[in-house]
Amino acid sequence: MKIAIVLTDHSFLRTKSMGIFNISMGLARGLMYHPAVKELHILCNNECGDTFKDCPPHVKLHLLDKPVPRRFGRVWWDQFGMSSYIRKISPDWLVLPKGVPPYFPFIGKTRLACYVHDVCWEYYETKPAAVRNKAFPRHELLYFKTLSLRALKITDLILTHSKFNESRILAHEPSATVARIGIGFEPPLSAPENATNRKDILTYASTFHHKRMDLVIQHISAWINQRPDKEQIRVHLVGSLPDSFKLPQENWIHHPRLPFPELCQLMRQQCRMTVYISDYESFGMPPVESFLNGVPCIASDFPSFHENIPEAYIFPKEDTAAFIAKANEVYDGKIPFECPDYPTWAEVTDRCVRALAAHS
């Protein structure tokens with residue numbers, strides 16, 4: 001099988017989703033070593049090209065000097081530049097890990113597989129303009145919604161990772177051919193030592209409305225205030241803060257977006273649990289990453305979370321009293337910790353290749 005995968009529009013510096021970046025890199029590395037892939041072409045840029053500098057002989061790199069620029073540069077690449085490259089390579093399959101194809105993909109006999117991560121625009125369409133426009137400029141939301149809907153119609157095979165996301169894809173395009181291959185992860189690390197010496201908790205900040213910063217502040221503040229050991233607990237808030245946001249108390253510590261190894265180190269060395277609250281998640285990687293680092297995560301009730309973390313760690317999103325009860329239970333170690341059995345990238349890549357072969 002001859003496959004091309006496109007990573008040119010990924011950037012370490014300005015990507016909005018490190019989750020999609022990690023998925024793309026994991027799938028690319030998995031395809032490099034799958035025995036059924038006889039020739040792999042990777043379209044990449046100078047920010048991720050070094051990752052593939054020691055490739056096996058059957059892997060061909062096509063290096064752009066820099067990531068595809070935003071706005072009109074992105075439109076040009078999506079609609080014309082990428083198709084031109086693919087016609088020259090003429091692979092059996094073109095895999096787009098960001099799931100954004102040309103509106104009319106002139107790619108010859110090459111078949112198209114899009115890894116569609118979500119249809120999150122459906123959430124923002126229901127919100128007032130003031131909320132919607134803070135998340136996405138109107139033209140950007142329209143562009144990605146239009147391309148997303150078009151992708152569901154023209155793609156030969158849609159790859160995705162959760163039952164929830166598969167159901168939302170099929171709700172918008174019932175005739176779509178979907179393969180649910182999951183997301184790969186490294187095997188679990190050894191459990192952190194000295195759990196009782198780790199007093200802090202970790203949660204996430206975001207400028208996007210669906211991440212529900214209001215409930216993050218409300219629930220965690222109420223929980224800390226009822227703790228007899230509240231003076232010893234700090235809250236690590238990781239991510240981008242909304243404009244004019246003020247930390248609620250001195251024991252809240254803000255960290256800008258951290259490199260993943262630093263985030264893992266912070267969790268493993270200082271935190272006894274993590275908290276994740278969201279209105280919409282097609283998968284929910286932060287809770288999984290927390291469990292893989294040996295730190296339990298309590299998460300708000302949402303369909304995709306039920307697929308990926310134990311039921312004992314899920315609470316009703318709007319209910320502060322339920323959050324306090326769950327947080328006390330987890331923080332005090334009353335739920336025995338057990339990391340779920342998550343698939344590796346080798347397993348996920350094999351599912352991907354089998355799906356491509358089945359639809360060739």
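The following dialogue examines how several terms apply to this predicted model.

Guide: In this predicted model, local features need pLDDT of at least 70 and side-chain atom pairs count only at pLDDT 80 or more, while totals for chains, interfaces and linings use all residues. Residues are numbered from 1 along each chain as its sequence is written, and side-chain values use heavy atoms, with hydrogens and water left out.

Visitor: Why are Met213, Leu215 and Ile220 of H7 called buried?

Guide: Buried means under 20% relative accessible area, exposed over 50% and partly exposed in between, with a 1.4 Å probe and protein chains only. The buried residues of H7 include Met213, Leu215 and Ile220, so each of these is under that 20% limit.

Visitor: What makes a set of residues a nonpolar core?

Guide: Its members are buried Ala, Val, Leu, Ile, Met, Phe, Trp, Tyr and Cys residues joined through side-chain atoms within 4.5 Å. The largest such core has 90 residues, and Ile220 and Trp223 are among those touching the most other members. A second, separate core of 20 residues includes Leu43 and Leu96.

Visitor: How do you know that strand E6 pairs with E7?

Guide: Two strands pair if DSSP finds at least two bridges between them. Three bridges join E6 (residues 157-160) to E7, therefore the criterion is met. The two strands run parallel, and Ile158 stands opposite Val178 in E7.

Visitor: What span is expected of helix H7?

Guide: The expected span is 1.5 Å times one less than the number of residues. For the 13 residues of H7 (residues 213-225) this gives 18 Å, and the helix reaches 18 Å from its first C-alpha to its last.

Conventions
Helices (H or I, at least four residues) and strands (E, at least two) are DSSP runs, numbered from the N terminus.
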